Amino acid sequence: MSAAAPAPGAVAPDLLLAQQNAVVDLVSVPPVADELAARFAAAGHRLYLVGGTVRDALLGRSGGDLDFTTDARPDAVLALLAGWADAVWETGIAFGTVGARRGDTPMEITTFRADAYDRVTRNPVVAFGDSIAGDLVRRDFTVNAMAVELTGAQRSFVDPHGGLAALAAGVLDTPATPQESFADDPLRMLRAARFVAQLGFTPAPRVLDAITEMAGELARITRERVQTELTKLVCGRFPRRAIELLTDTGLAEYVLPEVPAMRLAIDEHMQHKDVYTHSLVVLEQAIDRETDGPDMVLRLAALLHDVGKPDTRRKEPDGRVSFHHHEVVGAKLVRRRLRELRYPKAVIDEVSQLVYLHLRFHGYGTGEWTDSAVRRYVADAGPLLDRLHRLVRSDCTTRNRRRAAALQRSYDSLEARIAALRAQEELDAIRPDLNGNEIMRLLGIGPGPLVGRAYQHLLALRMERGPLTREEAEAELRSWAADQNP
């Protein structure tokens with residue numbers, strides 16, 4: 001009797017096995033994973049490579065960390081790692097995760113999970129599961145819900161939610177309904193945007209609908225976790241796509257509300273650009289000018305450089321639209337927002353200073369600045385000067401080729417003048433010609449406010465006139481001091 005033919009649309013078992021074997025062959029399993037699998041198999045446990053490790057292997061992306069899932073409970077995992085791992089850490093053991101390192105390879109082994117969420121916080125009531133299927137259904141996206149079993153007679157590919165097909169199509173979908181997934185952990189909505197930025201995926205329509213419907217749930221998430229995802233998003237390959245997703249779904253209102261606020265309608269006289277779209281173009285142009293990989297500070301400054309415009313928008317008597325001092329207002333807004341997102345102080349200072357300085361160049365005109373003005377430009381930028389160059393050049397988005405070329409030539413001129421002054425002076429570390437100790441010795445005074453005022457006076461002279469000889473500096477100091485004590 002011949003075997004029954006498969007149902008229409010079904011895949012014959014031998015073909016399915018061949019497909020699975022082909023997929024498994026694409027996943028490069030390092031020897032350290034096989035060593036660990038042998039230990040688990042000998043103890044009667046199952047071990048799977050899972051999640052991002054499998055996804056990235058199928059995308060041809062290399063990654064140093066290995067993620068595993070297993071039916072073994074955490075105490076059994078610790079016992080199996082004893083004597084084999086070079087280091088073990090139990091930071092996440094309350095959530096079923098044991099970290100380890102073997103040689104140069106870090107890894108995490110997590111017991112199957114079947115958690116329940118209270119949907120008030122994002123903290124689960126931890127419950128361990130008994131099957132790989134139950135574990136995978138609770139993961140964030142189908143492309144992260146694939147696994148490779150390492151402990152069977154031969155390796156097998158586990159993909160109950162169509163993650164491979166979604167990966168091939170570049171589609172981001174959830175194993176459970178998006179509403180269930182995002183209610184359990186609202187941070188997954190922001191992770192969706194992050195995967196758009198990093199991998200160029202397109203969220204499924206139902207995912208977009210759920211994010212739009214549930215954006216406000218992100219308020220349950222700590223600012224530190226939001227900042228971590230935002231940083232990864234901004235440093236991805238396609239951050240513009242992700243920012244547009246955040247804005248279009250309303251999620252940006254809970255992350256960077258200043259960004260959607262820039263969607264100003266172009267007035268009837270076409271007197272200004274759409275600030276939001278302009279900022280996205282500046283971001284892309286800044287990325288094109290990067291030389292050493294993603295520059296988070298430059299990218300944030302490019303995205304946020306015009307956030308002060310909505311608050312400073314004025315219609316002038318002649319009908320023109322102005323944004324006077326938007327760089328000052330913008331720097332304050334940026335400082336407040338990045339502080340609220342718990343960014344490090346150094347990042348806050350650098351991004352806000354770039355926003356504050358981004359308009360300074362436009363006073364350069366056709367080269368009328370004095371050497372003093374050029375020195376102040378360099379001194380105010382300090383170590384941010386190269387980033388400021390990139391930001392200012394990126395801020396030119398006019399479609400008028402003649403005007404764009406003129407702006408670039410003008411900045412070429414400024415950079416040439418900076419280079420010429422740098423060759424003559426220690427332009428990157430401008431200091432007064434006398435230091436504090438010398439000021440106190442010459443004036444016969446001790447530490448105090450007068451020393452600081454004298455220092456600032458000499459610094460202003462240094463900016464205005466360039467380097468002074470020692471005799472000139474001492475004479476200027478004595479003359480200034482005489483005026484302080486008439």
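The dialogue below works through several features of a predicted model, from its overall make-up to its sheet, its helix pairs and two single residues.

User: Before turning to details, how many helices and strands does the protein have, and what share of its residues count as buried?

Analyst: The model is a predicted one, and in it the protein has 22 helices and 13 strands. Of its 486 residues, 47% count as buried. Among the contacts between residues at least 6 apart in sequence, 66% join residues that are at least 24 apart.

User: How should I read the sheet, and in what order do the seven strands lie?

Analyst: As a general idea, strands of a sheet pair through backbone hydrogen bonds, and the pairing is either parallel or antiparallel. Here seven strands form an open sheet in the order β3-β4-β5-β2-β1-β8-β9, with mixed pairing. The edges are held by β3 (87-89) and β9 (156-158), each of which pairs on one side only. From one strand to the next, the twist averages 30 degrees.

User: Which strands pair with β5, and in which sense does each pair run?

Analyst: Strand β5 covers residues 105-111, and its pairings illustrate the mixed character of the sheet. With β2 (residues 66-70), β5 runs parallel and is joined by five bridges, whereas with β4 (residues 97-102) the pairing is antiparallel, over six bridges. T110 in β5 is a useful residue to locate, since T69 stands opposite T110, and T110 is also the bridge partner of T97.User: What links β4 to β5, and is β5 mostly covered or uncovered?

Analyst: The strands β4 and β5 form a hairpin with two residues between them, and in this hairpin G103 takes a positive phi near 65 degrees. As for burial, in a regular strand the side chains alternate between the two faces of the sheet. Strand β5 is mostly covered, with five of its seven residues buried.

User: On the other side of β2, how many bridges join β1 to β2, and which helix lies across this part of the sheet?

Analyst: Strand β1 (residues 47-50) runs antiparallel to β2 and is joined to β2 by three bridges, with F68 in β2 as the bridge partner of L49. The helix to look for is α4 (residues 74-81), which lies across β2, β3, β4 and β5 and runs at about 10 degrees to β4.

User: How do I describe two packed helices, and what are the values for α15 and α16?

Analyst: Two packed helices are described by the angle between their axes and the distance between the axes. Helix α15 (residues 326-340) and helix α16 (residues 345-357) pack at an angle of about 160 degrees, with their axes 8 Å apart. Angles over 145 degrees count as roughly antiparallel, and α15 and α16 are therefore roughly antiparallel to each other. The crossing of α15 past α16 is right-handed. On the α15 side the contact is made by E327, V328, G330, A331, V334, R335, L338 and R339, and on the α16 side by V347, I348, D349, V351, S352, V355 and Y356. By class, the residues of this contact divide into nine nonpolar, two polar and four charged.

User: At what angle do α20 and α21 pack, and which residues meet there?

Analyst: Helix α20 (residues 436-443) packs against helix α21 (residues 449-465) at an angle of about 110 degrees, with the axes 10 Å apart. Angles of 65 to 115 degrees count as roughly perpendicular, and α20 and α21 are therefore roughly perpendicular to each other. Here, too, the crossing is right-handed, with α20 passing α21. From α20, G436, I439 and M440 meet V451, A454, Y455 and L458 of α21, a contact that has six nonpolar, one polar and no charged residues.

User: Turning to single residues, is T247 buried or exposed, and which residues is T247 in contact with?

Analyst: A residue counts as buried when its relative accessible area is under 20%. T247 lies in helix α11 (residues 239-249) and has a relative accessible area of 5%, so T247 is buried. Leaving aside its neighbours within four places in sequence, T247 is in contact with A252, V259, P260, R263 and Y276.

User: Where is W369 found, and what does W369 touch?

Analyst: W369 is found in the loop between α16 and α17 (371-381). With a relative accessible area of 14%, W369 is below the 20% cut-off and is therefore buried. Not counting residues up to four places away in sequence, W369 touches R360, F361, G363, Y364, V374, Y377, L414 and R417. One of these, L414, is 45 residues from W369 along the chain, and the C-alpha atoms of the two are separated by 8.9 Å.

Key: Residues are numbered from 1 along each chain as its sequence is written. This is a predicted model: local features need pLDDT of at least 70, side-chain atom pairs count only at pLDDT 80 or more; totals for chains, interfaces and linings use all residues. Side-chain values use heavy atoms; hydrogens and water are left out. Buried means under 20% relative accessible area, exposed over 50%, partly exposed in between (1.4 Å probe, protein chains only). Helices (H or I, at least four residues) and strands (E, at least two) are DSSP runs, numbered from the N terminus. Two strands pair if DSSP finds at least two bridges between them. Axes are lines fitted to C-alpha atoms, for helices over the stretch in contact, and angles run from 0 to 180 degrees between N-to-C directions. Angles under 35 degrees count as roughly parallel, over 145 as roughly antiparallel, 65 to 115 as roughly perpendicular and the rest as oblique. A crossing is left-handed if the near helix is turned anticlockwise from the far one by less than a right angle, and right-handed if clockwise. Contact means heavy atoms within 4.5 Å. Ala, Val, Leu, Ile, Met, Phe, Trp, Tyr, Cys and Pro count as nonpolar, Asp, Glu, Lys and Arg as charged, and the others, Gly among them, as polar.
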